Amino acid sequence: MKALNRIFLIMLAFTLVLSATNGTVLAEEAPKHVENLIIGTTTANNTFNMTGQRDAFGRMNYNGLTQGNFVYRDTNGDLQPYFFRTFEVSEDGTVLDFTWHKGAMWHDGQPVTDEDIIFTFEFMRDVKKVGSLSSLEKIEIIGKNAARLTFTEPVVYYWLNTSCMNTACVYAKHIWEGVEDYANRMGMEAAIGCGPYKLTSYDLDSQTSYYEAVPENAFLGEITVDKVTIQTYADQATLMMAMVNGECDAYYNYANPVDATLIESFIGIDGIDIGQSDFSGSYQMLFGCSRSPGDDIDFRQAIAYAIDYPTVATAICGKYGRIANRGVLNPAIKGFDETIGMLEYNAEKAKAMLDEAGYVDSDGDGWREFKDGTVMDLTVIPQYSSKMEVRMRIGEIVCTSLKNIGVNCHIDEEAIVNGEIWEDRVTKEEYDISITFCTSGVAAYSTPFRYLLAELREGRGWCWGSFHNPILKEAFYNMTEAINDEQYLKNSLILQRLADEEMFALTLAWQTSFFPYRTDKYDGWDNWASWGVVHAETWFELTAK
């Protein structure tokens with residue numbers, strides 16, 4: 001009996017020790033919360049209105065900060081649920097069934113209700129006039145935290161893929177009902193959402209805004225970042241020095257990575273990762289295909305060999321710029337076709353091709369003429385922007401490249417200083433070569449082909465392209481309005497191969513993006529291509545060391 005008691009006591013002691021050990025291990029494995037994550041940006045920190053995306057508050061909500069974004073796009077470009085817990089698209093693409101998080105709360109303490117869900121879609125369709133919801137016919141509650149949207153057209157997949165921004169989120173009926181001038185509503189109430197963080201205060205003088213976690217809205221699991229501070233800096237250089245000094249933890253700015261020439265100064269600094277990745281945004285060169293000589297495929301193919309791509313790539317992205325392939329898309333974009341050949345800079349080949357095509361210097365003045373012998377002086381038109389430095393440099397390189405093969409050209413001086421003139425020139429197709437830019441957000445789904453269209457489905461629009469081709473138009477809409485991934489990818493390949501064959505436009509360089517962050521205080525950073533370490537999953541993955 002004593003022996004049995006002794007064995008029992010030993011086993012009990014061992015169990016207690018094991019339990020204590022396991023308890024210690026579990027405690028050590030529990031995520032250590034980040035007390036306050038300081039995110040630096042160069043976007044103004046002035047406007048706090050959940051319906052828009054004008055400055056830092058709106059751009060941060062691309063990452064589901066204060067708003068209940070329906071879905072988000074992950075590091076692979078695939079849709080994932082956020083406020084939606086589940087979502088299912090019907091086979092014909094006209095019906096969306098979804099459920100949402102039980103217990104979700106508005107930041108003023110009121111629960112998210114069925115009425116809020118119905119109001120949200122009516123508000124977006126009828127008041128905000130969201131184009132992708134124009135065919136939304138019916139909004140129904142079909143169960144506990146479950147609803148159904150029925151459309152008259154197969155646009156559900158398209159709407160989901162284009163709703164990965166802050167304006168595709170839940171709206172509080174008790175705040176926005178009856179508000180017509182929603183974009184100009186200001187104050188703390190206009191910032192109320194049902195996202196994982198609520199705006200607690202802001203200081204316009206110091207360009208700082210402050211946020212606290214809302215545990216009820218833990219859409220992707222436990223929120224591990226307790227507070228977030230958004231700090232706006234005058235420029236990227238100032239921000240980077242603040243990061244070096246430990247005043248800022250990470251950089252985020254939609255479609256605006258840190259300049260490649262600036263980042264060089266911060267490589268190798270202890271505690272800083274430069275956040276390097278492929279960038280889906282890109283500069284394009286479009287041919288004026290509705291007039292001579294751009295309407296001649298032989299001319300376009302020849303000019304494709306004339307552009308000094310190495311110099312352009314350096315102008316765009318320093319030593320990190322790379323020569324692109326002939327299919328317009330880049331490796332950071334979903335559906336990229338790696339089998340398409342690369343662009344090639346070969347001035348002698350370009351000259352020979354132009355000679356063969358009939359564009360020769362017939363009067364001996366050093367410049368090639370049109371086929372009929374008339375003077376040729378092409379118009380190059382860089383896209384108007386408040387920041388023209390890179391675009392102007394690209395324009396200069398393109399002009400130099402053309403002149404080196406005997407093609408006279410000039411930059412449209414009126415269009416580069418006036419946005420209305422630029423818009424008018426481009427939409428009327430009054431250019432020979434146009435230089436444009438596609439942001440990383442548009443590239444993620446609509447791709448740069450969105451800006452290469454010559455016409456919208458229902459006729460002329462604001463499109464920048466001039467290649468009137470039924471295959472281009474049909475494939476683009478079949479891609480963007482696909483009802484599944486298979487259809488999307490199939491038509492993306494058609495577009496890339498059409499660009500290769502017809503050369504109506506090309507991407508001037510593949511870029512590298514830099515979204516730096518500190519590595520000495522936190523674990524769990526996940527650097528997404530084109531986006532950086534601040535995204536929808538950050539709030540649930542980042543932990544303190």
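Colleague: Where is the place of Pro-293?

Modeller: In this predicted model, Pro-293 sits in the loop between S14 and H8.

Colleague: And what makes the peptide bond from Ser-292 to Pro-293 cis?

Modeller: Look at omega, which is near 5° for that bond. Most peptide bonds are trans.

Colleague: H8 starts a bit further on. Why is H8 called roughly perpendicular to H15?

Modeller: The axes of H8 (residues 297–306) and H15 (residues 485–502) cross at roughly 95° and come within 9 Å. Anything from 65 to 115 degrees counts as roughly perpendicular, so H8 gets that label relative to H15.

Colleague: Which residues of H8 and H15 meet?

Modeller: On the H8 side you have Ile-297, Arg-300 and Gln-301, and they meet Asp-500, Glu-501 and Glu-502 of H15. Sorted by class, that contact has four charged residues, one polar and one nonpolar.

Colleague: Switching helices: how do you know that the span of H11 agrees with its 16 residues?

Modeller: H11 covers residues 389–404, and at 1.5 Å a residue it should span 22 Å. The end C-alpha atoms of H11 are 23 Å apart, which agrees.

Colleague: Which residues in H11 are buried?

Modeller: The buried ones are Arg-391, Met-392, Ile-394, Gly-395, Ile-397, Val-398, Cys-399, Ser-401 and Leu-402. Buried here means under 20% relative accessible area.

Colleague: What do the buried residues of H11 pack against?

Modeller: Their partners are two helices you can pick out, H8 and H9 (309–317), along with strands S14 (282–287), S15 (378–382), S16 (409–411) and S17 (433–438). After H11 comes Gly-406, with a positive phi near 90°.

Colleague: Now the cysteines. How many disulfides does the structure hold?

Modeller: Zero.

Colleague: Why is Cys-194 too far from the closest cysteine sulfur for a bond?

Modeller: A disulfide needs the two sulfur atoms within 2.5 Å. The closest cysteine sulfur to that of Cys-194 is in Cys-169, 7.5 Å away, so the gap is too far for a bond. Cys-317 is in no disulfide either, and its nearest cysteine sulfur, that of Cys-438, is 16 Å away.

Colleague: Are Cys-194 and Cys-317 buried or exposed?

Modeller: Buried. Cys-194 has a relative accessible area of 0%, and Cys-317 has 3%. The cut-off is under 20%, so Cys-194 qualifies and so does Cys-317.

Colleague: What is the phi of Asn-145?

Modeller: Phi is about 50°, a positive value, although Asn-145 is not a glycine. Most residues other than glycine have a negative phi. Asn-145 lies in the loop between S6 (136–143) and S7 (146–151).

Colleague: Why does Asn-145 count as buried?

Modeller: Its relative accessibility is 14%. With the limit at 20%, Asn-145 counts as buried.

Colleague: Where is the place of Gln-207?

Modeller: Gln-207 is in the loop between S8 (197–203) and S9 (208–213). Gln-207 also has a positive phi, near 55°. At 16% relative accessibility, Gln-207 counts as buried.

Colleague: How many helices and strands does the protein chain have?

Modeller: There are 16 helices and 22 strands. Of the 545 residues in the protein chain, 53% are buried. The C-alpha atoms fill a box of roughly 115 × 55 × 55 Å along the principal axes. Take the contacts between residues at least 6 apart in sequence: 69% of them join residues at least 24 apart.

Key
Residues numbered from 1 in each chain as written. Predicted model: local features only at pLDDT ≥ 70, side-chain atom pairs only at ≥ 80, totals over all residues. Heavy atoms only, no water. Buried < 20%, exposed > 50% of the residue type's maximum accessible area, 1.4 Å probe, protein only. Axes fitted to C-alpha atoms, helices over the stretch in contact; angles between N-to-C directions. Helix = DSSP H or I, 4+ residues; strand = E, 2+ residues; numbered from the N terminus. Parallel < 35°, antiparallel > 145°, perpendicular 65-115°, else oblique. Contact = heavy atoms within 4.5 Å. Nonpolar A, V, L, I, M, F, W, Y, C, P; charged D, E, K, R; others polar. Expected span 1.5 Å × (residues − 1).
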